Amino acid sequence: MKYLDEFQDPGLARRLLDEIRATVTRPWALMEVCGGQTHTIIRHGIDQLLPDNVELIHGPGCPVCVTPLEVIDKALEIAARPDVIFCSFGDMLRVPGSDRDLFQVRSRGGDVRVVYSPLDALKIAQQNPHRQVVFFGIGFETTAPPNAMTVHQARKLGIPNFSLLVSHVRVPPAIEAIMQSPSCRVQAFLAAGHVCSVMGIREYPELAERFRVPIVVTGFEPLDILEGIRRTVRQLERGEHTVDNAYPRAVRPEGNPAAQAMLADVFEVTDRAWRGIGTIPASGWRLSERYRDYDAEYRFSVEGLTTREPAACRSGEVLQGLLKPHECEAFGTTCTPRTPLGATMVSSEGACAAYYLYRRLGTPPTPQEASPVA
Ligand code: SF4
């Protein structure tokens with residue numbers, strides 16, 4: 001398949017690995033920011049093929065995993081209302097809230113629907129003018145533009161019964177928070193290529209300079225990851241710390257101006273809590289004042305919820321790269337994709353799910369486990 005097969009070529013992979021081995025003289029710790037990259041790494045065993053002194057630390061770039069428990073609980077409350085049709089991508093349905101998930105809300109009569117685009121939810125709102133339709137808008141700079149566009153369309157078309165429950169997050173403030181953490185071991189970043197295809201790379205040079213870390217924009221196929229690592233360790237060995245675009249087939253330095261304009265129109269930057277990590281200043285988006293009428297949090301005023309994280313779940317440490325999933329005591333025992341304690345075991349981009357699905361238990365996953373989300 002064009003643009004996929006040629007980025008999985010075993011011969012080229014071996015050559016890149018040889019170059020990495022020939023370059024590295026000291027131990028280095030690199031963080032891949034995105035959960036999609038984590039899945040490629042674990043699925044193809046890239047971390048095991050690298051020299052022992054190159055460690056990959058899995059970052060917090062799984063959108064489902066970092067959505068705060070408080071927002072999940074708000075979603076559950078809103079979805080349980082009889083006047084609401086609650087629409088979401090499938091990943092969110094099995095994410096555990098404090099006492100249930102969206103599947104359980106649906107099994108108890110809630111009208112919870114899986115959609116493949118926020119525009120599908122808008123269509124449902126048009127078809128059901130006497131009911132409230134809420135779309136669960138989570139994720140990074142990648143999912144934010146279509147969600148912004150949907151709200152823009154709702155206002156333009158005069159569809160008053162549509163609203164967005166927003167929990168969008170931004171990558172650069174998270175990189176800043178990781179580097180400022182006293183326990184930080186990260187010496188370089190593989191930046192998420194799809195995020196940069198939207199936002200460009202202009203936010204990264206200042207971070208690379210301030211923290212003296214190489215930041216290499218990296219794609220998602222095995223050769224993309226290996227090339228990102230090759231360029232990163234080359235910089236580290238040379239004592240350099242620049243921003244390098246190793247994913248030029250998708251990323252232009254300026255990003256996607258139309259998407260950025262839509263974001264600027266509909267959203268405003270806000271402090272945002274990240275599940276398991278805490279609040280990171282200026283790390284999220286919320287609907288701007290002009291679009292406040294379309295904000296589900298205002299429309300339904302769901303406040304005063306008491307959240308409860310399972311004590312055994314250490315996903316916060318996993319998301320900060322302080323713990324590998326299989327080092328959690330619950331991994332593969334009380335916590336599996338069928339019985340998840342944390343979002344990192346549910347999400348198709350979660351690190352715990354990647355470790356479980358691709359190798360750590362020694363037994364192949366069942367068909368249901370291989371597709372843990374609806
Ligand atoms: S294995 Fe399960 S319990 Fe442990 S950190 Fe991951 S999601 Fe949480």
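1. Let me start with the ligand. The shell around the ligand breaks down into 11 nonpolar residues, three polar and one charged. Here Ala, Val, Leu, Ile, Met, Phe, Trp, Tyr, Cys and Pro count as nonpolar, Asp, Glu, Lys and Arg as charged, and the others, Gly among them, as polar. In total, 15 residues surround the ligand, and the closest are Cys313, Cys328, Cys335, Gly342 and Cys352. A residue is taken as near the ligand if its C-beta atom, placed from the backbone, lies within 6 Å of it.

2. A word on what you are looking at. This is a predicted model, in which local features need pLDDT of at least 70 and side-chain atom pairs count only at pLDDT 80 or more, while totals for chains, interfaces and linings use all residues. Residues are numbered from 1 along each chain as its sequence is written.

3. Cys352 also turns up in helix α16 (residues 351–358), among that helix's buried residues. Seven of the eight residues of α16 are buried, so the helix is mostly covered, buried meaning that 20 or more other C-beta atoms lie within 10 Å of a residue's own (12 or fewer is exposed, in between is partly exposed; C-beta atoms are placed from the backbone). Besides Cys352, the buried set is Ala351, Ala353, Ala354, Tyr355, Tyr356 and Leu357. Helix and strand names follow DSSP runs (H or I, at least four residues, for helices; E, at least two, for strands), numbered from the N terminus.

4. Now the overall layout. The protein is divided into domain 1 (5–64 + 178–245), domain 2 (66–170 + 255–300) and domain 3 (315–364); the bounds come from an automatic or database domain assignment. Between domain 1 and domain 2, the C-alpha centres lie 31 Å apart. Their contact takes 12 residues from domain 1 and 18 residues from domain 2, where contact means C-beta atoms, placed from the backbone, within 7 Å.

5. Which elements give two or more residues to the side of domain 1 that touches domain 2? They are β2, α4 (63–66) and α10 (193–199). Helix α10 gives the most, with six residues. By class, this side of domain 1 has eight nonpolar residues, four polar and no charged.

6. One open sheet has five strands in the order β2-β1-β7-β8-β9, with parallel pairing; strands count as paired if DSSP finds at least two bridges between them. The edges are β2 and β9 (243–245), each pairing on one side only. From one strand to the next, the twist averages 25 degrees. Helix α12 (residues 222–238) packs on this sheet, touching β1, β2, β7, β8 (215–218) and β9, and its direction makes about 170 degrees with that of β8. Axes are lines fitted to C-alpha atoms (for helices, over the stretch in contact), and angles run from 0 to 180 degrees between N-to-C directions.

7. Strand β1 (residues 28–34) deserves a look: six of its seven residues are buried. With β2 (residues 54–61), β1 pairs in the parallel sense over six bridges, and Cys34 has Gly61 as its bridge partner in β2. Three bridges join β1 to β7 (residues 188–192), also parallel; here Leu30 stands opposite Ala188.

8. Just before β7 sits Pro182, in the loop between α9 (171–180) and β7. Why does Pro182 count as exposed? Because Pro182 has 4 C-beta neighbours inside 10 Å. Pro182 and Gly193 are 11 residues apart along the chain, and their C-alpha atoms are separated by 27 Å.

9. The other sheet is open too, with six strands in the order β4-β3-β5-β6-β11-β10 and mixed pairing. Its edge strands are β4 and β10 (267–274), each paired on one side only. The twist averages 25 degrees from one strand to the next. Strands β6 and β11 (residues 278–287) pair in the antiparallel sense over two bridges, with Gly284 in β11 as the bridge partner of Val169.

10. Two helices to check against that sheet. Helix α7 (residues 118–127) lies across β3, β5 and β6, running at about 170 degrees to β5. Helix α5 (residues 69–79) is mostly covered, with eight of its 11 residues buried: Leu69, Val71, Ile72, Lys74, Ala75, Leu76, Ile78 and Ala79. Their cover includes β3 (84–88), α6 (102–107), β4 (111–114), β5 (132–139), β6 (162–169) and α14 (296–300). Note Lys74 in that buried list.
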